[in-house]
Amino acid sequence: MATSASVDAVAAANLRSVLQRVQQAAERSGRGPQSIRVVAVSKTKPVSLLRQVYDTGHRCFGENYVQEIVEKAPQLPDDIEWHFIGNLQSNKVKLLLNGVPNLAMVESVDDEKIANQLDRFVASLGRKPLKVLVQVNTSGEVSKSGVEPSGCVELAKHVSLRCPNLEFSGLMTIGMLDYTSTPENFKALANCRTEVCKALGITEEQCELSMD
């Protein structure tokens, strides 16, 4: 049976491998590696493993569950950039924002109600505007959250124009689990970005894409 230390070491090695592949892919496409953010998804993983990955120099971690992120965040250095990537219920917004002062981004804003809740609580805490991504359901699966592609422009406009305590930063989608339609899902997200950028009068560089 693998020891905890060996599991942690494997996780750190795997991350280094991913970062190397990202760098190679960026170079092939003519992009700078620094323009690509790798979020290490740490749901259900112990704090000891996150610490091992942190010690390699990685600072960006993603969590799916509010209870889990609020338990882990205080046990780890405050220079971590936490991303919340799971479905966020309105009754958990206050807990999330209070429990994670170094929350860098919420990637799963999928309707106006949750955007408004985040906006109000960010204002009440007096913290700087919170970066958010609008989640788009590009696969059409009923099991997945996210606004339909046809509604992404209106939701992006709502966040940008009616939520002064949020910073619209881009779009996120979750591809099909078996990856069979991942290219199509990402292409659909890229098409959504084109429409959103046109509607908001921003450049594509100002609207990042995230695919979990």
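Good morning. Both phenylalanine 61 and tryptophan 82 are buried, and I shall begin with these two residues. Please keep in mind throughout that this is a predicted model.

What does a search of the whole structure find in the way of aromatic pairs? The search finds 1 aromatic pair. The ring centres of phenylalanine 61 and tryptophan 82 are 6.0 Å apart and their planes meet at 45 degrees, so the pair is described as tilted. For a first-year student, the reasoning is as follows: planes under 30 degrees apart count as stacked and those over 60 as edge-to-face, so an angle between these limits is called tilted. This pair links distant parts of the chain, since phenylalanine 61 belongs to strand β2 (residues 60-63) and tryptophan 82 to strand β3 (residues 81-84), 21 residues apart.

A ring also takes part in another arrangement. Arginine 59 lies over the face of tyrosine 54, at 3.6 Å from the ring centre.

Let me turn to the overall division of the protein. Domain 1 covers residues 1-60, and domain 2 covers residues 85-211. Between the C-alpha centres of domain 1 and domain 2 there are 24 Å.

Next, I come to the second largest pocket. Its volume is about 210 Å³. Its lining is made up of 14 residues, and those nearest the centre of the pocket are Leu103, Ala104, Met105, Lys128 and Lys131. Which elements give two or more residues to this lining? They are β3, β4 (103-109) and β5 (130-135). Strand β4 gives the most, with 3 residues. By character, the lining residues divide into 6 nonpolar, 2 polar and 6 charged.

Finally, I should like to consider two residues in helices. Asparagine 191 is placed in helix α7 (residues 182-200). Is asparagine 191 buried or exposed? Its relative accessible area is 44%, so asparagine 191 is partly exposed. Asparagine 191 and proline 149 are 42 residues apart in sequence, yet their C-alpha atoms are 8.9 Å apart in space.

Leucine 161, in turn, is found in helix α6 (residues 152-162). Its relative accessibility is 64%, and therefore leucine 161 counts as exposed. The cut-off for this class is over 50%. Leucine 161 and leucine 200 are separated by 39 residues in sequence and by 9.3 Å in space, again from C-alpha to C-alpha.

To close, I return to the starting point: phenylalanine 61 and tryptophan 82 are both buried, and their rings form a tilted pair. Thank you for your attention.

Conventions: Residues are numbered from 1 along each chain as its sequence is written. This is a predicted model: local features need pLDDT of at least 70, side-chain atom pairs count only at pLDDT 80 or more; totals for chains, interfaces and linings use all residues. Side-chain values use heavy atoms; hydrogens and water are left out. Domain bounds come from an automatic or database domain assignment. Rings of Phe, Tyr and Trp (its six-membered ring) pair if their centres lie within 6.5 Å; planes under 30 degrees apart count as stacked, over 60 as edge-to-face and the rest as tilted. Helices (H or I, at least four residues) and strands (E, at least two) are DSSP runs, numbered from the N terminus. Buried means under 20% relative accessible area, exposed over 50%, partly exposed in between (1.4 Å probe, protein chains only). A charge sits over a ring if NZ of Lys or CZ of Arg is within 6 Å of the ring centre and within 35 degrees of the ring normal. On a 1 Å grid over the protein atoms alone, a cavity is a set of points where a 1.4 Å probe fits but cannot get out, and a pocket is an open set with protein on both sides within 12 Å along at least five of seven lines; lining residues have an atom within 4 Å of a point. Grid points are joined across faces, edges and corners, and a volume is the space filled by probe spheres set on the points. Ala, Val, Leu, Ile, Met, Phe, Trp, Tyr, Cys and Pro count as nonpolar, Asp, Glu, Lys and Arg as charged, and the others, Gly among them, as polar.
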